[in-house]
Amino acid sequence: MMLSELTRIPRVFGAGIATFDGFIVDSQFIHGYDAERFGAMAAKIMTQVKKNLGAESGAVILYTQDIVFLAKAKPEGVLFVVGDKEANLGLIKIKFEKM
Amino acid sequence: MADELIMDSKALIFATLADVYLSSGMIDEAISILQDGLTRNPNYTLAKVILGRAYYLKGNIDEALKILQENYESAKGSETLNLYLGHCYKKKGEYEKAIGYYEAVLKINPENREAKESLEVLKPTQPVQKPASEAIVEQPPAKPQPEMVAIPKTDVEPTAPTELLPELGLEPMPARAVEVPAPLEALNEPMGRLLEIKSVKGAFILSRDGLLIQNYYAARTDLEEICALIAGIFNEADEAFKFLKCGALERCIIEKKEETICVITAGESLLCIITKPEAKPGLVFLYAKKIIEEIRKVLG
């Protein structure tokens, strides 16, 4: 229910929740995208941000040549979204922050 | 002169010697002599003014300001005192105060070139008042901009003359010409515009291995550490994305409770912009674009 709000946004490939050690709790991804890999990466980056910058409840937005990746640390784990580079990041961010 | 000082340590000549040292770029030696001399002659205002100047040249603006302000009442007619108070406030970004002191310098000596040049730079920036909302539509003045903290720093001000020697009745020594290395000078204009955005706290350029290249964030003292930490996060994320075949990492925004860190690739370097949490990232990236072009031109 919660993740579908994110995945309904056009050009979003998927969203998920992972524990801080990288295991997937829940995910919704289109075919061809591996939720476990993105979950592991989200956990890794958020742990690094927490460790290096002391941001307990920080969020990270990463833009690559192909995709845009958002991750946010929650007490329960890491929430993450993966979308196309052309996706409406503002909209994703609004939905993301509400969660 | 050093011998004379040793022979008569109470002599007020220590201030002159310190001034000569300053003109030669020997700032630490000058400070040492002045501190030593002032313990024996604590009321020697001129020496205190030179000490303030020495701290300014060393880059310790707070200490310079403290000393110069403490002695303002007893030496308010001093051209040097007013000039360096102006420089200190300019460095601290308090431009109105700086203008006041530069104007005071020109009242004392209308030919003072440093004060004139500083006023020319500062005065046109004054009418640029930022609106409450940070949307900057109009382009700020093209040339004048706030002074940046540039690294590598120069040891000596390029035009630091020995103004105090005539006050002591001595011939001034020719100031040593010091070349200011400014490879990233072209960045000052776009960076000045970026830093004028109210919610932008500061910015800096770092290499991908975490070394600071250029600093435009004077308020932060732990930048080298931050550079290393940010580069660590960026490189790790970059590697992970490459592993996932999602392309190379181009931009990274880290949102913390008290600030937002935007890291953007600029060729072989990274541009890092620290903003307040309420900053508009779109606007920041827009301004950053021009800076990145310049960085690419200069650093590749």
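Trainee: Which residues of helix α5 (residues 61-70) of chain B are buried?
Mentor: They're B:A64, B:L65, B:I67 and B:L68. Each one fits the cut-off for buried: 20 or more other C-beta atoms (placed from the backbone) within 10 Å of its own, while exposed is 12 or fewer and partly exposed is in between.

Trainee: What puts these buried residues on the same side of α5(B)?
Mentor: They cover an arc of only 170° around the axis, so they sit on the same side. That arc is taken from the directions from the helix axis to the C-beta atoms. By the way, this is a predicted model: local features need pLDDT of at least 70, side-chain atom pairs count only at pLDDT 80 or more, and totals for chains, interfaces and linings use all residues. Residues are numbered from 1 along each chain as its sequence is written, with chains lettered from A and ligands numbered from 1 in the order they're written.

Trainee: Which exposed residues are on the face turned away?
Mentor: B:D62 and B:E70.

Trainee: And what covers the buried residues of α5(B)?
Mentor: The cover includes α4 (45-58) and α6 (79-92) of chain B.

Trainee: What makes the largest nonpolar core a core?
Mentor: Its members are buried Ala, Val, Leu, Ile, Met, Phe, Trp, Tyr and Cys residues joined through C-beta atoms within 7 Å. This one has 79 residues, and A:F80 and B:L271 are among those with the most contacts inside it. Helix α11 (residues 223-243) of chain B brings the largest share, 10 residues. Another core, of 37 residues, lies apart from it and includes B:L34 and B:Y101.

How values were computed: Helix = DSSP H or I, 4+ residues; strand = E, 2+ residues; numbered from the N terminus. Contact = placed C-beta atoms within 7 Å.
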